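This briefing covers the annotated binding site and the nonpolar cores of the structure shown below.

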Amino acid sequence: MNALAATNRNFRQAARILGLDSKLERSLLIPFREIKVECTIPKDDGMLVSYVGFRVQHDNARGPMKGGIRYHPEVDLDEVNALAQLMTWKTAVADIPYGGAKGGIGCVPKELSLSELERLTRVFTQKIHDLIGINTDVPAPDMGTNAQTMAWILDEYSKFHGHSPAVVTGKPVDLGGSLGREAATGRGVVYAAEALLNQQGKQIKDLTFAIQGFGNVGSWVAKLIHEIGGKVVAVSDITGAVKNQNGLDIPALLSHKEATGKLNDFGGGDVMSTDELLTHDCDVLIPCALGGVLNRENADHVKAKFIIEAANHPTDPDADEILSKKGVLILPDIYANAGGVTVSYFEWVQNIQGFMWEEEKVNRELKKYMTKAFGNLKSMCQSHSCNLRMGAFTLGVNRVARATQLRGWEA
């Protein structure tokens, strides 16, 4: 089941639990605006090439729309639509005053030079600059994009609208980016895991963890869990996987990955197959890479008792059912990985105020938001006697539905 179908299914289930009016339910699913643009740029060798760019703005009932821009060969309208809708519910779960959006360009960033990426980003910004804005739609980095991409968007946007640091988040600190933003998603995942484990009477320092994906999110999750005293027993990424039942030395592994660019050949652990990681013997499994990695083929073999969804949509609905029957607790993506968008919100607030925070304050506020959101999610689970995923969806959908009704959607 693709991401859009799964998101729609979760939404419909939440709407049914909440008893939403069928017309309101339908109107909440329909995106506010879908934008498709052709971005034609000269390559370094002078040849003209064209790339398709998208921006889906899903809902703005609770505030400006918010969501990443990804550069990836598989970017298509369906995927962008699903992720934009997911952002609407995610911002509502975290209780930050945003709606949802998502964008992307279908390209292979590795095959483009830095100057080609810059030209592509600037052309894309020229095509959508009048449809994004501080109080309209605030982009951020996603797969295949980074702080530098945001710097180019800011510069290009500012040519049309004057200096506007709050138009994008995830910027370099020198251009108004927030301290703590780089670690935010990973740190949020750890705060979310702590909230769930504490409620179960457990602590990170007493448990073993397997982490799938060792990019920005996965490496921060591993580093922070290691610092707290948790045992990271297995890690994988596209280059390979390593395991050590006594716990991997994460700082050493990070240095090794930085030096060699891959996880294999790491002296402090044994090589394993990347597929094996998801079914590795551990207490907590944290998928931090792509969607759909847990499916009906492997769900039955998962040994973890807790799954913290740091990636977007890593568990497909079939796997969800199998794992629930096994008694595995799954902390859903729309709550677990909301740390990134929460600190994006802090960055936007700092830019609007023209007053930057200390990193300590950023992390303190993030913990406050993640802990409060978990409490709200649990009370939804209790009042509707549902699992954590439906608790999160009912919490998010209910907030958006209330805002929509208060604003007078039928007029």
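**Binding site and cores**

T185 lies in helix α6, residues 184–199, where helices are DSSP runs of H or I with at least four residues, numbered from the N terminus. The model is predicted, so that local features need pLDDT of at least 70 and side-chain atom pairs count only at pLDDT 80 or more, whereas totals for chains, interfaces and linings use all residues. Residues are numbered from 1 along each chain as its sequence is written, and side-chain values use heavy atoms, with hydrogens and water left out.

Annotated site
- The unreviewed UniProt entry annotates T185 and N216 as "binding site", and such annotations may be inferred rather than shown by experiment.
- T185 is buried at 14% relative accessible area (buried is under 20%, exposed over 50%, partly exposed in between, with a 1.4 Å probe and protein chains only).
- Contacts of T185, meaning heavy atoms within 4.5 Å, include V217, N337, G339 and G340, not counting residues up to four places away in sequence.
- N216 lies in helix α7, residues 216–228, and is partly exposed at 37% relative accessibility.

Nonpolar cores
- The largest nonpolar core (buried Ala, Val, Leu, Ile, Met, Phe, Trp, Tyr and Cys residues joined through side-chain atoms within 4.5 Å) has 83 residues, and L331 and Y335 are among those with the most contacts inside it.
- Helix α6 supplies the largest share of this core, nine residues.
- Apart from this core lies another of 24 residues, among them V37, Y71, F124 and L154.

Terms used:
Helix = DSSP H or I, 4+ residues; strand = E, 2+ residues; numbered from the N terminus.
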